[in-house]
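Dear colleague,

Here is the structure I promised to pass on, and my notes on it follow below.

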Amino acid sequence: MSEVEVKVGERSIREINEEIQEHAANGLPMHITDTLSRHNLGIGLPKGAKLRFDGSVGYYCGGLNNGATITVERNSGWGTGEAQAAGDITVGGYAGMSVGAAMLGGVIHVKGDCGPRCGVAMKGGDIIVEGKLGYQAGFMSHGGRIIALGGAGESCADALWEGEVWVAGPVESLGVDAKIVEPEAAEIASVEELLATRGLADNNREWRKIVSGQRLWYFESREANAWLMI
Amino acid sequence: MANDMNNSDEERYSYPFEMPSEEAVAFSDGAIDGRPAGVPSSYDKGGSLRWTPDAISEVHALAQLGRYQVRGYNCFNQRLPTFDDLTFVPATMTRLPLEGYREKCDTTTILGNSGNVENPLELKIPIYIASMSFGALSASAKAALGYGASKVGTMTCTGEGGMLEEERAASERLVYQMSPARYGLDLDHLRRADGLELVVGQGAKPGTGGLLLGMKVSERVSKMRTLPPGVDQRSTIRHPDFLGADDLAVKIEELRIATNYKVPISIKMGATRPRYDVAIAAKAGADIIVVDGAEGGTGASPEMLLNHTGIPNISAIRAAREALDECGMSGKVSLVAAGGIRSGVDAAKCLALGADAVMIGNASMIAMGCNSPRYEEDYAKLGTSPGACHHCHTGLCPVGIATQDPDLEARMDVAVGAERVARYLTAMTMEITALAKACGKSSVHNLEPEDLRALSFEASAFTGVKMAGIDRAFGW
């Protein structure tokens, strides 16, 4: 099906999103032009929606995504795909802070580098970064995988719950309570399989899998009686 | 001439009776060897202002634990001013009262009527149930709060643990809280909510995220929060995807788009610098601002945060209202006061100080039976007693409210709890309207600072309310 054009320009964000929602409801793929790096484009879209942003976008593009496939041809601002439950977002260039913050599922794929706190508080799904992760990637992430091909900045995988950060390339420093573990072959295969679906097949990567050291998970006791002194 | 050096015998006064013996002058009863008779010790209760028995026992506790203490409930700082430092001055000669037992007083409360959203929250009373999470509270307690609030036409709020189906089903109106940790957040829940609450802090521990000890992180709680079961959940306080006011404005717009501009968005904050914080939240686009005073409750917190952070509710309300007035947002942005509200009297004082509504947390738990004199042996196991329990953090709540233990939760009967909450809210509302009518008001929202007088310099200074009698606010 041919794409319909949605021009962003200086129009109100409400009007633009209503037009996007209407095309999504009608199953029409969209080519979105004149984006002007505007914030809040393509919020809370359902499964089946297809959007191609011809340019850069601002904050929260694809936020609360519920199944849409979104491509940003250039760069994206903070919180790209934040709280995404399902769907697929690809950023052709660089992405700002907090990519995939609190996301639950689906895939976010950044071809360039991404800013700090990528995957912060994420609960599930996969974030693929072809470039380098900014500092404190995966901060307090609960689940899911952050996969970086171009290394990671400082304080990588800080204070994780059960999220995983996979890095091919140098890691400037590990965050609080983070530890590198030897991945199992099946886990590597799963990561490589995902990367192959994005045209990134390469079986010669050296992976660092970073997980929680679990020292921050508990105070000294899990027994209620230990908390009665007060 | 009298002076302290005059010892001459001729000037001494003599009784017209015999001088009593030294033994008779001394209090002989209860004398202890080695001390003046009748004086066991001048300092038998301790005398140091700094090293009180409480301060000493705190040092002993810390010396044994090697960490700060953690507990639930609320602020134990005895020096906080209270609502009791204010009194109403009903209509007398200058104003006409309404008939307390005959005439009507409107209690309808509309929150979020900013013009930005389709469905402001219309409540029948100016009180609603505060955001308390499933996790901190049992599912039965959450459901009871929902049904009780619905019966009297008001609402509840999810707290940070995600949307509990029992609570959604029980609550005619339910506000969905987005905490920094975003537990259980999804689009479906946002769209099923009647309002959103972005929490940037809470009165009990402003500047610090939620705490839920492992004993309460049950299978169900852990699943809803995507956490390993049994971990001590210490939440973030900074939101993951916005930092300052400008970002918050963009975030609010995103949430409006996600909810199709239908439901109001609140910002809940702990009371710290309300004059500035409230202005910033209003500027960022909040429809409702909740200011939670230092008296506010919590399921668990480091002790010193509970006792030594934040400012009292009564001082925050006036500052918040003035901030909204100054930036022209009064009437557009609703102001909700929370923190330590115990009764309709306290609630009425909040309304008079400038709140559009109040939110109650601890009070609603107490209404359901928190600290009630049952299961005394279980209170004793916690080292406490009914009326003094503050052990929400342990998950061993004797009455089944602040627990995830199925046996304890079974003690919280949903129907009974709901009815208690409904009756308590009804009684509170009657207290508010009775006071309002005495002050000559046909709507509870017409209560104003002029209806109050301060009973202490502090209360007057904190609130700008005139001192009783002298009728001038304490000035600097």
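**The interface and the sheet of chain B**

Chain B and chain A bury about 4300 Å² between them, with carbon and sulfur atoms giving 63% of that area (buried area being the accessible area, 1.4 Å probe, that two parts lose on being put together, summed over both). On the side of chain B, Arg234(B), Glu254(B) and Ile257(B) lose the most area to chain A, together 14% of what that side buries.

This is a predicted model, in which local features need pLDDT of at least 70 and side-chain atom pairs count only at pLDDT 80 or more, while totals for chains, interfaces and linings use all residues. Residues are numbered from 1 along each chain as its sequence is written, chains are lettered from A and ligands numbered from 1 in the order in which they are written, and side-chain values use heavy atoms, with hydrogens and water left out.

In terms of contact (heavy atoms within 4.5 Å), 54 residues of chain B meet 46 residues of chain A. There are two salt bridges between the chains (a side-chain nitrogen of Lys or Arg within 4 Å of a carboxyl oxygen of Asp or Glu), and one of them joins Glu82(A) to Arg182(B) at 3.6 Å, N to O.

Within chain B, eight strands (DSSP runs of E, at least two residues, numbered from the N terminus) form an open, parallel sheet in the order 5-15-14-12-11-8-7-6, where pairing requires at least two DSSP bridges between two strands. Its edges are strand 5 (127–129) and strand 6 (156–157) of chain B, each of which pairs on one side only.

Best regards

How values were computed: Helices (H or I, at least four residues) and strands (E, at least two) are DSSP runs, numbered from the N terminus.
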